[in-house]
Each structure stands twice: as C-alpha cells, then as structure tokens.
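Visitor: Please pick a single part of this model and take me through it closely, residue by residue where that helps. I would like one connected account rather than a list.

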Amino acid sequence: MDHSVYDSWKSISNIGITNDGKYTASIIKEQEGDDYLLIKDLDSNKELIIPRGYKYIITPDQKFIVSSIKAPYADIRKAKIKKVAEEKMPKDSMAIVSLSSFSVVKIPNIKSYKLGKDFSKYIAYTIDDSIKAKDKKESKPLNLILLNLSTNKEDTIKGVTDYIFSNNGKSFAAITKPLAKDSITKHGVVYINLDNLARKKVSIGKTIYKSIALSENGDKLTYLASSD
C-alpha cells in the first residue's frame with residue numbers, strides 16, 4: 001500500500017438506524033468527488049444511493065428518510081466564476097425516500113424543510129424561487145408546500161417567512177408576508193389543524209410578525225409581533 005491508494009479512501013459519518021433495526025443510513029465522504037447518502041435494507045442487503053446527499057432525517061414514524069442534496073460542485077464553481085448573484089446560485093434539492101418501496105422523490109430548489117419532532121404525517125418545505133429580498137436583514141417570503149407523506153396530497157401557503165410544527169405533529173403554523181407584486185397575501189399568522197386540515201388566519205394587518213411557537217400538543221399558538 002502506498003500514497004496512490006489515498007484518493008480512493010472513503011469515510012463514513014452521520015450513521016443512523018431505524019427503530020426496528022431494518023434500515024441504516026449514513027453519509028459517505030469521498031477523498032475526491034461528491035459525497036453521498038447510503039441507505040441500506042439490512043434484511044435484503046439492498047442499497048440505495050442518493051448522490052450528493054449530505055444530511056438527512058428519519059421521519060418519526062420510521063417510514064421515510066428525507067435528505068438534503070447539494071447542488072453539483074461543478075455548477076456552483078461555474079456560477080461563482082461568472083459572479084452569479086446570490087439569489088441565482090444553484091440551489092439544494094430534497095429527496096424523500098420511502099423505506100417500504102425504496103422509491104425516491106426529488107424536489108428541486110429547496111430552501112428549508114421541517115417535520116414534527118415526535119410524530120408527523122406531513123413535511124413542510126419552502127421553495128427558493130430566486131426572488132431577491134429588498135432588505136437582506138428581513139426574511140424573504142417564500143412559497144411553502146405542506147405535503148402528506150403517505151398520500152402525496154399537497155397544500156400551498158404563499159409568502160411564508162417562518163413556520164413550525166407542534167411536537168406531536170398534529171398542528172402547524174406559519175407567518176405570512178406578501179411576495180413582491182402580491183396584492184392577495186396579507187401579513188399574518190396561519191394556523192392549521194392537521195387532523196382535519198381546518199385552517200385559520202389568526203391575525204391579519206400591518207403588524208410585523210417576528211416569531212411563532214406552538215405548545216407540545218399544538219393546542220396553543222403564541223407569536224411575537226410589533227407595529228409596522
């Protein structure tokens with residue numbers, strides 16, 4: 001063995017296993033090239049690779065793995081050389097892996113995603129639509145998708161700057177703010193009961209909403225606000 005083998009060495013990190021011990025996930029880091037997420041079915045030894053997957057979470061019900069996918073290094077490098085504006089730089093994607101079928105759904109241009117801590121039928125994620133914020137100190141409003149992981153049914157909330165699930169995954173809340181040239185969306189806080197999808201606009205007006213919080217079981221919503 002000499003120095004010529006070093007470039008082929010790999011390292012493993014972020015090792016996780018489902019509660020039933022049937023599936024493992026880990027980030028494989030290459031000496032050269034892009035890292036990837038490796039998911040393995042321990043019963044069948046079947047493997048699934050998510051290229052450029054660099055972080056992941058196992059959903060509380062242990063049925064799915066959700067992973068962030070970094071934009072290709074070559075694309076990022078090319079954009080930097082061309083001095084592309086920040087809002088037009090290549091964006092991350094997201095992969096949703098069904099462990100029962102080992103199928104993958106990939107969604108591009110993801111800014112963020114969240115689930116309930118203890119249980120969640122839903123995942124919420126925001127789409128980075130490359131609209132430049134007028135004030136960099138303020139959060140840019142983005143379109144949010146609320147996705148039922150089992151049925152694939154989607155609901156859209158426009159102009160979201162912050163959002164949260166209750167720990168039990170049965171309630172959801174989001175702060176909304178008008179997008180550029182949007183005369184429909186209003187400043188406010190949206191609350192959704194995820195058991196029946198009943199939606200309520202908690203507050204509307206010229207008030208600036210800065211943060212939100214839900215109680216552990218989702219029956220109480222609090223928010224911090226100030227006058228515009």
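Guide: Let me start with a term: a polar contact is a pair of N or O atoms within 3.5 Å, and within protein one of them must be able to donate a hydrogen and the other to accept it. By that criterion the side chain of Thr59 makes a polar contact with the side chain of Asp61, at 2.7 Å. Please keep in mind that this is a predicted model.

Thr59 is a good way in. Its place is the loop between strand 5 (53-58) and strand 6 (64-69), yet Thr59 counts as buried, with a relative accessibility of 1%. Setting aside neighbours within four places in sequence, Thr59 is in contact with Phe64, Val66, Leu115 and Leu149. Its polar partner Asp61 also has a C-alpha atom 9.2 Å from that of Asn19, although the two positions lie 42 residues apart along the chain. Asn19 belongs to the loop between strand 1 (10-17) and strand 2 (23-30), and Asn19 is exposed, at 68% relative accessible area.

From here we can move to the part I would like to dwell on, an open sheet of 7 strands. Its pairing is antiparallel and its order is 9-10-11-12-13-14-15. Strand 9 (110-115) and strand 15 (198-204) form the edges; each has a single partner strand, so one side of each lacks a neighbour in the sheet. From one strand to the next, the twist averages 40°.

Now look inside the sheet, at strand 13. This strand pairs in the antiparallel sense with strand 12 (residues 154-165) over 5 bridges. Asp162 stands opposite Ile175 of strand 13. The hairpin joining strand 12 and strand 13 has 5 residues between the strands, and there Gly169 takes a positive phi near 70°. Strand 13 (residues 171-176) also pairs with strand 14 (residues 188-193), antiparallel again, over 6 bridges. In that pairing Ala173 faces Tyr191 of strand 14.

In a regular strand, side chains alternate between the two faces of the sheet. In strand 13 both faces are covered: Ser171, Ala173 and Ile175 are buried on one side, as are Phe172, Ala174 and Thr176 on the other. With 6 of its 6 residues buried, strand 13 is therefore largely enclosed by the rest of the structure.

Charged side chains tie strands of this sheet to one another as well. Lys114 and Asp162 form a salt bridge whose closest N and O atoms are 3.7 Å apart. This pair links strand 9 with strand 12, across 48 residues of chain. Both partners are partly exposed, Lys114 at 32% relative accessibility and Asp162 at 24%.

A second pair, Asp155 and Arg199, meets in a salt bridge at 2.7 Å, N to O. Here strand 12 is linked with strand 15, the two residues being 44 apart along the chain. Asp155 is partly exposed at 30% relative accessibility, and Arg199 is partly exposed at 42%. These two pairs are among the 4 salt bridges of the structure.

Conventions
Residues numbered from 1 in each chain as written. Predicted model: local features only at pLDDT ≥ 70, side-chain atom pairs only at ≥ 80, totals over all residues. Heavy atoms only, no water. Pairing = 2+ DSSP bridges. Helix = DSSP H or I, 4+ residues; strand = E, 2+ residues; numbered from the N terminus. Axes fitted to C-alpha atoms, helices over the stretch in contact; angles between N-to-C directions. Buried < 20%, exposed > 50% of the residue type's maximum accessible area, 1.4 Å probe, protein only. Contact = heavy atoms within 4.5 Å.
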